[in-house]
Each structure stands twice: as C-alpha cells, then as structure tokens.
Amino acid sequence: MASADTVPVADLADLREVGRLVVSPADHSIALFHHEGEVYAVDNRCPHMGFPLSDGTVEDGILTCHWHHARFELACGDTFDIFADDVQTYPTEVEDGTVYVDPDPPRDVAPETHWRNRLVDGMAENLSLVTAKAVINLDDLGEGFATPLSTALDFGTTYRASGWGRGLTTLGTMANLYDHLAHDEKRRAMYVGVSEVADNCAGEPPRFDQYALANEEVTKERLKSWFRENCDVRDSDGAERTLRTAVAALPPEDVVEILLAAATDHLYLNASHTLDFVNKACETLDHVGWEKVPDVLASTVEQFTDAARAEERSEWRQPVDVAALVFDAHDSLNDLVAAGEGETWARPDGFVDTLLGDDPETIMDAVEGGIRDGASAEQLTDAVARAATRRVAHFGTSNEFRDWNTVHHTFTYANAGHELARRTDAIEAYRPALDGAMSVYLDRFLNQPAAPIPDPDGSDRSPERIRTELLDSFDEQGRVDEAGALVAEHFAAGGDSPDLIQTLGKVLLREDPQFHTLQNVEAAVRRFERADSEAARRLPLIATARYMAAHFPTRRASEQTFSIASRLHRGEAIHEDD
C-alpha cells in the first residue's frame with residue numbers, strides 16, 4: 001500500500017512508454033523519468049535559470065539540462081556543476097501500475113543553511129548569479145544584512161593573500177549605505193558587496209595568518225613604535241605579529257591610534273587608499289562586532305608595508321616641496337597642540353576658502369594656526385573634507401576624464417581622516433588634515449575654471465518630478481552639470497533628503513559602478529550626515545551627482561544578473577519570451 005504522504009500522479013505503463021512526464025501534484029511542477037527500470041521525480045524547474053528539466057537528457061543516471069548543460073545525479077538531485085545548485089527530488093512509489101509521489105518531503109537542510117552554503121559556493125567560484133540568488137533568499141529569510149556581510153568579511157580576510165583591498169572596502173561601503181536605501185536596493189547593495197569580494201579574491205592565494213607575540217604585557221607606546229618601525233622597513237610579518245599583539249592587549253581606540261600613526265608616518269599612502277581602507281575596516285567592524293578585529297585589522301597590514309609614499313613623488317616635491325612642509329608640521333605638532341590647550345576654536349569665516357588657495361605655505365600656516373588656537377583634529381579634518389568636497393563639486397569637465405579620480409582620492413582621504421579623528425584623540429589624528437590640505441592644494445588646477453555650484457532660490461516643481469528627471473539624467477553620458485543642478489533644485493524645492501539619497505542609491509546600484517564611484521557616493525552620504533547646515537548638506541550630494549553623471553550610464557550587466565535572480569525567485573520563466 002502506498003505511503004500516506006504520497007499521491008497518485010501517473011500510469012506506470014504510460015511513463016515507461018514515453019520515458020518522461022510532467023505532473024503537478026499540490027501545484028508543484030514535477031518531472032517524472034523512467035530510467036533503467038526505476039522511476040525518479042525531480043522539480044521540473046532547473047535551479048540554475050528555470051529551464052524545464054523535462055526537456056533535458058537522461059543518460060547513465062545523469063539528468064542534463066539542455067539550456068546551460070547543468071548536470072544532476074538523478075536519484076538524489078545533487079549537481080555536478082556548482083553554478084546550477086542541487087535540484088529538489090521527490091520520493092516515488094509504484095503500486096498496482098500507478099506511480100505515486102510525495103510532493104512535500106521533509107528537507108534535509110534548513111533553507112537558511114542551504115542559502116548560507118550557496119553564498120559561500122558563489123564566492124568560492126566567483127559566480128555572480130549564485131551570490132545574487134543567495135542574497136535574495138537570505139533577505140527573505142530575515143538574514144539579508146548580517147549573513148552576507150559577515151560571510152563575505154570572513155571570506156575576504158581568508159582567501160586573499162594581500163589582504164584588505166577594493167572588495168572588502170566595497171563591502172564596507174555597501175554596509176554603510178544600507179540603511180539609506182529602499183528595500184530592493186538594500187538587496188542589490190549586499191549583492192554588489194559580496195560579488196566584489198569574490199571577484200577581488202578570484203585566482204588569489206589564501207592568507208596565512210601570523211601569530212601574536214607571547215608577551216601581552218608590552219606597553220602601548222612600545223607596540224606603537226614596533227608597528228611603525230616594521231611598516232617603515234616594509235616588514236609585513238613583523239608588522240602583523242605586532243598588530244595582533246596590540247589587538248590582544250589593548251582597547252580598540254588604542255589600536256586605532258597605532259594604525260592611524262603608521263598610516264600617516266608617510267604621506268598620502270597609496271594615493272589615499274591606505275587611510276580609507278583602514279577606516280572602512282573599522283566601520284565594517286562596527287557593523288559586525290569587534291570580536292572579528294584580529295583577522296580584519298591584520299588583513300590591512302600590506303596596505304602599510306607595500307604602500308606607495310607621496311613624498312617619493314615629484315608633484316609633492318617640485319616645484320614646491322609640500323612634503324617638507326607637512327613633515328615640518330608633524331615635527332611641530334606637540335608644541336602646537338600644547339599651545340592650544342584650554343583654547344576653544346570655531347572655524348573662521350573663509351577658512352575653507354583659504355584651504356582652496358594657491359599658496360601652500362599660507363594653507364599650512366592656516367592649519368597650524370588652527371591647532372595653535374585650540375582646534376581639535378576632528379574640527380580640522382572636517383574643514384579639509386569640506387574643501388575636498390568642493391574640489392569635486394567644482395571639477396571642470398574640460399579636464400581629462402581620469403582626473404575625476406584625482407579629486408576623488410583627495411575627497412575620500414579627507415573623509416577617512418575625519419572619521420578616524422572621531423575615534424581617537426591621539427595627536428596623530430591631526431596629520432590627515434596636514435597632508436590632506438596639501439592634496440587639496442595640488443588638485444587646484446582641476447578647478448580652473450571652476451564649475452559653478454548651483455544655488456537656485458527655489459523651484460515651482462515637485463520634488464518627485466525633480467527626482468524622476470534626475471534619474472533620467474543618468475541615462476545619457478555627459479549630463480554632469482545638469483545632475484548637479486537637479487540635486488540643488490531638489491533642496492530648493494524642499495524635497496526630503498532621504499528620498500534624494502534613495503534616488504542616488506538607485507542610480508548607483510542599477511549600473512556597473514567602478515570602485516571609485518561606489519566610494520564616492522558613500523563618502524558623500526557620510527559628509528551629508530556630518531554637515532551642520534543645509535548648504536553643507538547640499539554640497540556633497542551635488543558633488544557626487546556630478547561624479548556619477550560623468551561615469552554613467554554603463555552596460556548594467558550586474559543589474560541584469562540581479563534581475564534574473566529576482567525573477568527566478570518570483571517563479572518567472574526566464575527562458576520564455578517576455
């Protein structure tokens with residue numbers, strides 16, 4: 001007698017004659033196969049892209065889908081091809097010439113576990129469609145932020161010998177933007193972050209961790225000195241052992257101090273990336289918890305030991321030796337800070353304009369004067385970040401296209417310097433204001449002529465209409481000034497800033513954004529959050545809209561992959577005509 005959980009679905013003789021049938025018990029489309037004297041039942045929908053498996057081929061116990069040639073072991077449904085995922089099988093019984101199927105068998109693995117495993121599969125094989133499916137399904141299961149973020153962070157710090165890079169920075173960037181996005185874009189953000197980590201690790205050897213020193217009684221001052229010395233001579237093993245010791249022995253704010261000191265012993269390391277990557281590592285730890293700090297921060301070591309140093313570049317030495325100006329200021333910091341003790345500094349009118357000037361000694365005098373007058377590192381790095389934001393907003397489109405990245409790097413460096421200054425009161429927190437100001441100075445020619453910053457008095461159009469037009473402006477290359485003007489008009493019309501940021505996020509994530517574009521938008525949103533006036537809030541969003549318009553549209557291949565995953569999740573047939 002057939003089991004109670006099974007239902008009759010087909011006549012055995014009919015199935016034997018044709019070899020395969022499609023049946024629909026309990027609204028499931030199930031493909032039946034008669035092969036080598038046995039009856040098998042599988043979900044008729046190929047788990048890869050939904051092609052009907054009943055149109056496939058069965059040979060030697062293997063079912064092959066004819067669309068992308070994914071192969072499945074017929075009895076258990078396991079795939080030979082990781083890109084495809086396993087196919088669901090259904091128990092069958094035959095009684096009195098009738099085929100019975102259990103349409104709702106117990107699952108061997110919980111859905112959450114399955115999709116966590118598939119997320120790792122997708123990253124290991126760098127399969128963007130697999131990662132997209134995993135992110136979407138984990139979101140449905142309530143794990144849409146925490147699981148992709150933590151999994152990708154662990155993967156990226158394990159499977160890339162050179163450690164923290166663009167992939168993990170993108171992951172942290174997407175985590176920072178997450179709460180500013182609409183629901184669909186939240187999913188896309190996690191997909192972009194996870195995919196970038198996978199791509200950055202693809203073909204790379206794994207990391208092999210060093211160990212902390214056995215003596216955990218070493219003072220902060222000595223660990224700080226050791227780490228800086230190892231970084232200075234480019235000894236990554238010694239630097240990592242010292243850093244892991246510091247992590248084990250010291251509170252997080254002291255570890256940040258050590259990293260910030262080493263990241264600014266030399267100037268503008270890796271053309272801004274070292275400081276920004278360290279900041280992103282810290283921000284990512286804020287999201288996942290600082291219990292992951294040993295491996296996360298250890299993965300940043302090569303950003304110090306293998307970094308290009310700005311003082312080695314001619315533009316920092318000729319025709320004006322701005323590197324020497326910065327190092328002289330480093331040497332004076334103790335005296336400057338001591339002079340400012342007990343003083344209260346408010347940023348003077350015109351201070352940011354001074355930072356945008358064309359005399360490096362005047363600029364350095366202004367920054368040093370601020371310290372002497374009691375300015376905090378947080379205040380000065382904020383002022384430099386405001387100046388760097390204006391460089392992007394004023395960027396003249398008559399410049400070479402690649403020079404967008406020149407002003408961009410200064411912008412992200414200055415933003416990172418300000419964020420790190422908010423974490424520590426160490427004297428080294430002033431340093432990003434010093435070399436950041438010199439980088440702003442070196443970028444001055446990219447604002448000649450300066451693009452005007454739009455400042456409309458008002459608008460008679462609805463904010464919704466302005467946002468729609470802003471979306472449309474990114475569909476055509478070269479509408480840089482128009483995009484900036486529309487952002488300004490949205491403010492003038494009294495539009496809600498969260499709606500505007502959601503729109504910019506939608507634009508960003510429907511494209512194939514380059515790493516720098518992802519960085520730029522996230523830094524602009526952070527500068528928006530730190531602003532203290534409407535003008536200050538408006539400026540970074542104008543700047544990033546102009547930057548985005550210069551780089552969009554793209555082919556949107558990433559969006560196509562994500563769209564396919566979304567349609568499959570909804571049960572749509574991708575192989576059929578729209």
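Okay, one definition to start: the expected span of a helix is 1.5 Å times one less than its number of residues. Keep that in mind while we look at this one, which is a predicted model.

So, helix α6, residues 183-201. With 19 residues at 1.5 Å a residue, α6 should span 27 Å, and its end C-alpha atoms sit 28 Å apart, which agrees. Is α6 enclosed or open? Of its 19 residues, 15 are buried, so the rest of the structure largely encloses this helix. Buried here means under 20% relative accessible area. And if you walk off the end, just after α6 you hit Gly203, which takes a positive phi of about 75 degrees.

Right, pockets, which I guess is what you came for. How much space lies in the largest pocket? About 1200 Å³. Its lining is made of 32 residues, and the ones nearest the centre are Asp86, Val87, Gln88, Arg107 and His114. By class, that lining splits into 14 nonpolar, 10 polar and 8 charged residues. As for which helices contribute, α2 (111-125), α3 (128-140) and α24 (557-569) each supply at least two lining residues. The largest share, 4 residues, comes from α2.

Now the second largest pocket. Its volume is about 510 Å³. Here 26 residues do the lining, with Arg313, Glu315, Trp316, Thr406 and Leu442 nearest the centre. The class split for this pocket is 12 nonpolar, 7 polar and 7 charged. Two helices to look at on screen are α17 (404-421) and α18 (431-442), each giving at least two residues to the lining. The largest share, again 4 residues, is from α17.

Last stop, a bit of sheet. Three strands make an open sheet in the order β5-β6-β7, with antiparallel pairing. Which strands stand at the edges? That would be β5 (57-59) and β7 (71-73); each has a single partner strand, so one side of each has no neighbour in the sheet. On average, neighbouring strands in this sheet are turned by 25 degrees against each other, ignoring direction. Quick reminder: strands of a sheet pair through backbone hydrogen bonds, either parallel or antiparallel. Zooming in, β5 pairs with β6 (residues 62-64) over 3 bridges, in the antiparallel sense. If you want one pair to click on, take Thr57, whose bridge partner in β6 is Thr64.

That's my tour, thanks.

Note on methods: Residues are numbered from 1 along each chain as its sequence is written. This is a predicted model: local features need pLDDT of at least 70, side-chain atom pairs count only at pLDDT 80 or more; totals for chains, interfaces and linings use all residues. Side-chain values use heavy atoms; hydrogens and water are left out. Buried means under 20% relative accessible area, exposed over 50%, partly exposed in between (1.4 Å probe, protein chains only). On a 1 Å grid over the protein atoms alone, a cavity is a set of points where a 1.4 Å probe fits but cannot get out, and a pocket is an open set with protein on both sides within 12 Å along at least five of seven lines; lining residues have an atom within 4 Å of a point. Grid points are joined across faces, edges and corners, and a volume is the space filled by probe spheres set on the points. Ala, Val, Leu, Ile, Met, Phe, Trp, Tyr, Cys and Pro count as nonpolar, Asp, Glu, Lys and Arg as charged, and the others, Gly among them, as polar. Two strands pair if DSSP finds at least two bridges between them. Axes are lines fitted to C-alpha atoms, for helices over the stretch in contact, and angles run from 0 to 180 degrees between N-to-C directions.
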